[in-house]
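Visitor: I would like to learn how to read the enclosed and open spaces in a protein model, and how to read the place of a ligand. Could you take me through one case?

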Amino acid sequence: MGAADDLRLHLNAPRNRGLTYGPAQSRVISRETREQARAVISRWPGYAPTPLVDLPRLARRLGVAGLRIKHERHRFDLGSFKALGGAYGVLRVLARETGRSMEDIIAGRSADAVRDVTVCCATDGNHGRAVAWGATLAGARSVIYLHEHVSPGREEAIAARGARIVRVPGTYDDSVRMVAEDARRRGWIVVSDTSWPGYEEIPAWVMQGYSVMTDEMMEQMGDRHPTHLFVQAGVGGLAAAAIGPFWEDLGSRRPFGVVVEPHAADCVYQSAVHGALTDGTGSLETVMACLAAGRTSPLAWEILREGADAFITIADRFAPAAMTMLARDASMPLVAGESGAAGLAGVLATLADASACDRIGLDAGSDLLLIASEGATDPAIYIRIVGARPEDIGEAAAGR
Ligand SMILES: Cc1ncc(COP(=O)(O)O)c(C=O)c1O
């Protein structure tokens, strides 16, 4: 396979770096919403910041100056950063619907009011798990819609959090449409991680929940500012929640933001190429299953269209390579799933292409920041790819 099949790269206009974080972006995520989300989420049972893991040995192997990974595997014991967004979205919805405070709801003092509320969503796995967990935590009901390509392992993990599962034919986007129709008929409330015209309040809450991770990361990195942030995208919510706070706080001193997608699910890349929201052109069949979205979230796009510096799509083969590299890193082995390792996969694909490195300024002096957005959320798939069970990888305490 030639280099052209491995990587596509689109650069945003460099002058964007001089733009200030304005009202269009603040209505999605702002310092105020970030503080509010952190105040609420940090009081949930089991909250602890996830580690920012320094991997100097891996950095040397890749030929860069530094590499740190925000490791989301143990986020609320749910396996991914999505725990922050889905559950925060559910809680905000329940507070809005019942008129009770989020604190009262979490403390179980509003059980009578929330018990009859049903929240629902479509998911590739991790978002559904977070919504189900949030609903169970608060004492509400949840119904989660899964498209036909979601693995049985992921279905079991969601059902284990107390949700009723509905399987639907087609792709992720079909399941999004279907859950919206059923919710309208039955009076359920859709807690989606993607927005559409006329439906923005809840997905904004979900992204504000994610931003807690970015705030932790900015504190943990201290004075050592990264040169590049590689962040994987499905609908773009994570990438926007990662890039937005850096942009808001650091302006033009923020790291060079690279949005990474699989070739087969390239909706954010296509939007960047066309300068406006554009559907993806791929088949949506990718090993990076949680990134398999065909349509960018307009709310996420509001931040990414000017806040991101580059958009890449990569061949699937880089994801297993990145997972294996993290699992076998001699100094600090880490367990990251197919979508979790996608940021590193983006780095590998870029490093294999000298002209791409040139264009984004990736060189021996670069200090990279990545997000391992999930652990082995489907252990069977993990074992098939890495050749070892997640519990046998020997992740050290610093990886917890
Ligand atoms: C593990 C993981 N990483 C990354 C993403 C991408 O997030 P987004 O769809 O907000 O772009 C997802 C989405 O579900 C995910 O589950």
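Guide: Let us begin with the lining of an enclosed space, keeping in mind that this is a predicted model. A lining can be read by the class of its residues, and here the lining of the largest cavity divides into 10 nonpolar, 11 polar and 4 charged residues.

Visitor: How many residues line the largest cavity, and which of them lie nearest its centre?

Guide: The lining is made up of 25 residues, and those nearest the centre of the largest cavity are Phe81, Lys82, Asp193, Gly234 and Cys290. As for elements, those that give two or more residues to this lining are α8 (126-138) and α12 (237-250).

Visitor: What is the volume of the largest cavity, and how many cavities are there of 30 Å³ or more?

Guide: The volume of the largest cavity is about 310 Å³, and the count of cavities of 30 Å³ or more comes to 2.

Visitor: Where does the ligand sit, and which residues are closest to the ligand?

Guide: The ligand sits in the largest cavity. A residue belongs to its surroundings if one of its heavy atoms lies within 4 Å, and by that reading 14 residues surround the ligand, with Asn126, Gly234, Gly236, Leu238 and Ser373 as the closest. By class, this shell has 6 nonpolar, 6 polar and 2 charged residues.

Visitor: Which polar atoms of the protein should I look at beside the oxygen atoms of the ligand?

Guide: Look at the backbone and the side chains separately. On the backbone, a polar atom of Gly234 is 2.7 Å from an oxygen atom of the ligand, and a polar atom of Gly237 is 3.0 Å from an oxygen atom of the ligand. From a side chain, an N or O atom of Lys82 is 3.3 Å from a ligand oxygen. Taken alone the ligand exposes 390 Å², of which the protein buries 97%.

Visitor: How much space lies in the largest pocket, and which helix gives the most to its lining?

Guide: A pocket is an open set, in contrast to a cavity, and the largest pocket here holds about 320 Å³ of space. Its lining has 16 residues, with Val176, Thr194, Ser195, Trp196 and Arg295 closest to the centre. Helix α10 (residues 172-186) gives the most to that lining, with 5 residues, and by class the lining of the largest pocket divides into 8 nonpolar, 4 polar and 4 charged residues.

Methods. Residues numbered from 1 in each chain as written. Predicted model: local features only at pLDDT ≥ 70, side-chain atom pairs only at ≥ 80, totals over all residues. Heavy atoms only, no water. Polar contact = N/O pair within 3.5 Å; in protein donor to acceptor, adjacent residues only side chain to side chain. Areas by Shrake-Rupley, 256 points an atom, 1.4 Å probe, with all protein chains shown as cover. 1 Å grid on protein atoms, 1.4 Å probe; cavity = no way out; pocket = protein on both sides within 12 Å on 5 of 7 lines; lining within 4 Å. Sits in = over half its atoms within 2 Å of the grid points. Nonpolar A, V, L, I, M, F, W, Y, C, P; charged D, E, K, R; others polar. Points joined across faces, edges and corners; volume = space filled by probe spheres on them. Helix = DSSP H or I, 4+ residues; strand = E, 2+ residues; numbered from the N terminus.
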